[in-house]
Amino acid sequence: MFYRTAGQFKTSYKADQALFPVRQDAILLMVILAFAWVVFPLTASEFTFQTLLIPVLIYALAAMGLNILTGFAGQLSLGTAAFMGVGAYACYKLITIFPWMNPIVAIMLSGIFSAGIGVAFGIPSLRIKGFYLAIATLAAQFFLVWLFEKWAWLYNYNASGAIQVPNIEMAGVWISGPQASSITQYYVVLAVVTIMTILCINLTRGTLGRTWKATRDMDIAAELIGINLMKSKLTAFAISSYIVGVSGALFVFMWRGAAEPNLFDIQLSFRVLFIAIIGGLGSIMGNYLGAILIVGLPVVLNIVPSALGIPISSATVEHLNIMIVGALIIFFLIIEPHGLNQLWRLIREKLTIWPFPH
Amino acid sequence: MYKYTIEPFQEMFAAPDFLLQVLWEGLVSGILYALIALGFVLIFRSSRIFNFAQGIMVVFAALTLVGLHAMGVPAWISVGLTLVVMLILAISIERVVLRPLVGQPDIILFMATIGITLFLIGFGEIIFGGENKVMITEELGIPTDSFVLEPWGGLLILEQKDITAVAVAALLVAGLLLFLNKTRMGRAIRALGDDHQAALSVGISLQTIWVLVWFIAGIIALVTGIAWGARAGVSFALEVIAYKALPVLMLGGLESITGAIIGGLMIGMLEKLFEIYWGQPFLGGNTETWFAFVLALIVLLFRPQGLFGERIIERV
């Protein structure tokens, strides 16, 4: 009824290939964007910004980067957190070496460092496949985190061994560091994430995206029809690590405010991987759905017992959280292995023909 | 250059007793890596599931054992009860998680085992608490003294519990190989590993075999848990040793039992050597976290299927 596509005729191939061939989708996106840009900032509290809005966006961006590599190009990676760390540390060094640098430019540049390291660790993917590659990316994970700890130059020889985000001003507003307000940081993150999302959607629909998909589906066949596997895999590693690096820089500069090496441990890699898989491998929107679920769930679970008046200690709540998240991951994998994105697609199909299913 | 290449070897020959001590320590941890890798290999061969939960199963088994004993159950009876718990765990994993996911892509099953890992972490912490516990070494009759040898006038200390661990691990592996090669069930497991459909068509029950394989992985987990717990106490920090089993698998090959054992021993000893003679003097120490992975990565560049893995043949 509300989602009827009848009457929307396409008269050219161009119209058929449009980003939103169905008008309702475009309207829905407008509504979501209006909420993200206007309604949430006006109504959200400090708590909501810090525990929901900002982390959801940053995690969604990280998962999008991983999804390009794993979902589109088919190369399973378990080293996401380390590449986020490279982005964060690169951004920190850029800001402290060139204090006059525009912070948003620094964040965007820091992704380049992580892309370079991503390509270096991606080179084995030309020979190693499947789970062997997944374990190989763990080499990046453990080696880089060790390096963050031992290479004192990276954290400017701090006694604490952690990086502390300085106060940075841009156009008269504090945008990072302890002085910055959540709403400014939210807008910075939202702007970066929006631009990256548009880029990603177009990349994955274009030549490069199709090359990746061919590589993912069967790499030998792809090679036989003339796809350069080296180029395809390494661009996937580069672009994926770039996005992941930017998300890492945002993670520390716009949200956490400080970072120790073990912030980027393997648990973070897994969390990003969960988001990508529960959202749906090979989709862009799924990353947001997955991030909302994985970030939002612990927040909800923390509120529920106290709201119901059940007396549980906070340690028990934390353990219950881990347990429930584990069970939910299994549950979602069983009901829809292709992720929330696929679930949304099925709902959409049902809605188009509702209320006359035959 | 001289400092990094020749001097460490000179040091090794200058103090051979210390070198032996380092190698022994490496051997003992290598055995434990090999045991965890063995659990992985068994499950991978029979179901193509990359079982990330093996590490947490080690912790869970050790915690159950210690927890049962703390409730006043005699040591050996609690070992038996723990085995029952591991069997129940195997059955419920097969029923609840694996059966609905049969035929899904590998990565989905892999994620499901990470889900199991998280579930067991939460569950274990709620029931047993997160604090470090002491393994009931003496109650199980494991000697805790140590032999002191003096080769070349030096000093070599071999702890008896480590020797016990090595002996038990060797027995376990021998038993497992006998089981896999000589019994009906064992052959069924190997058949399933060779070809799923052919095995099903001659009447091998997938469900039974999966439960069996996960139960064997549970037994291996218990043995590993006791051995490692005797060295370092029982806590969720044990889970990190599970990550060490991953490069062992890469090095040895995902399908090979021999590979898991040899790979485990190699990695255990080499990472100790590297840490003592290169890591601590030149790199600031703690290289054990990544050395195994980088080593395995380098080996894989030359042999993509690992040292003992099945040759990868690709067809279109």
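Tutor: Let's begin with a term: a residue is buried if 20 or more other C-beta atoms lie within 10 Å of its own. Keep in mind that this is a predicted model.

Student: What makes Ile93(B) count as buried?

Tutor: Ile93(B) has 26 C-beta neighbours inside 10 Å, and the cut-off is 20 or more, so Ile93(B) counts as buried. You will find Ile93(B) in helix α5 of chain B, residues 75–98.

Student: Which residues does Ile93(B) touch, not counting residues up to four places away in sequence?

Tutor: Leu98(B), Ile116(B) and Trp214(B).

Student: Now to a pair of helices. Why is α6(A) called oblique to α11(B)?

Tutor: Helix α6 of chain A (residues 130–150) and helix α11 of chain B (residues 240–252) have axes that come within 10 Å and cross at roughly 130°. Angles over 145 degrees count as roughly antiparallel, 65 to 115 as roughly perpendicular and under 35 as roughly parallel. The crossing angle makes α6(A) oblique to α11(B). This crossing is also left-handed.

Student: Which residues meet there?

Tutor: From α6(A) come Tyr132(A), Ile135(A) and Leu138(A), and they meet Leu246(B), Pro247(B), Leu249(B) and Met250(B) of α11(B).

Student: How do the residues of that contact divide into nonpolar, polar and charged?

Tutor: The contact of α6(A) with α11(B) has 7 nonpolar residues, no polar and no charged.

Student: And what do the buried residues of α8(A) pack against?

Tutor: They pack against α3 (46–72), α9 (219–224) and α10 (229–256) of chain A. Helix α8 of chain A spans residues 207–217, and its buried residues are Thr211(A), Trp212(A), Ala214(A), Thr215(A) and Arg216(A).

Key
Residues numbered from 1 in each chain as written. Chains lettered and ligands numbered in written order. Predicted model: local features only at pLDDT ≥ 70, side-chain atom pairs only at ≥ 80, totals over all residues. Axes fitted to C-alpha atoms, helices over the stretch in contact; angles between N-to-C directions. Helix = DSSP H or I, 4+ residues; strand = E, 2+ residues; numbered from the N terminus. Left-handed = near helix turned anticlockwise from the far one by under 90°. Contact = placed C-beta atoms within 7 Å. Nonpolar A, V, L, I, M, F, W, Y, C, P; charged D, E, K, R; others polar. Buried ≥ 20, exposed ≤ 12 C-beta atoms within 10 Å, placed from the backbone.
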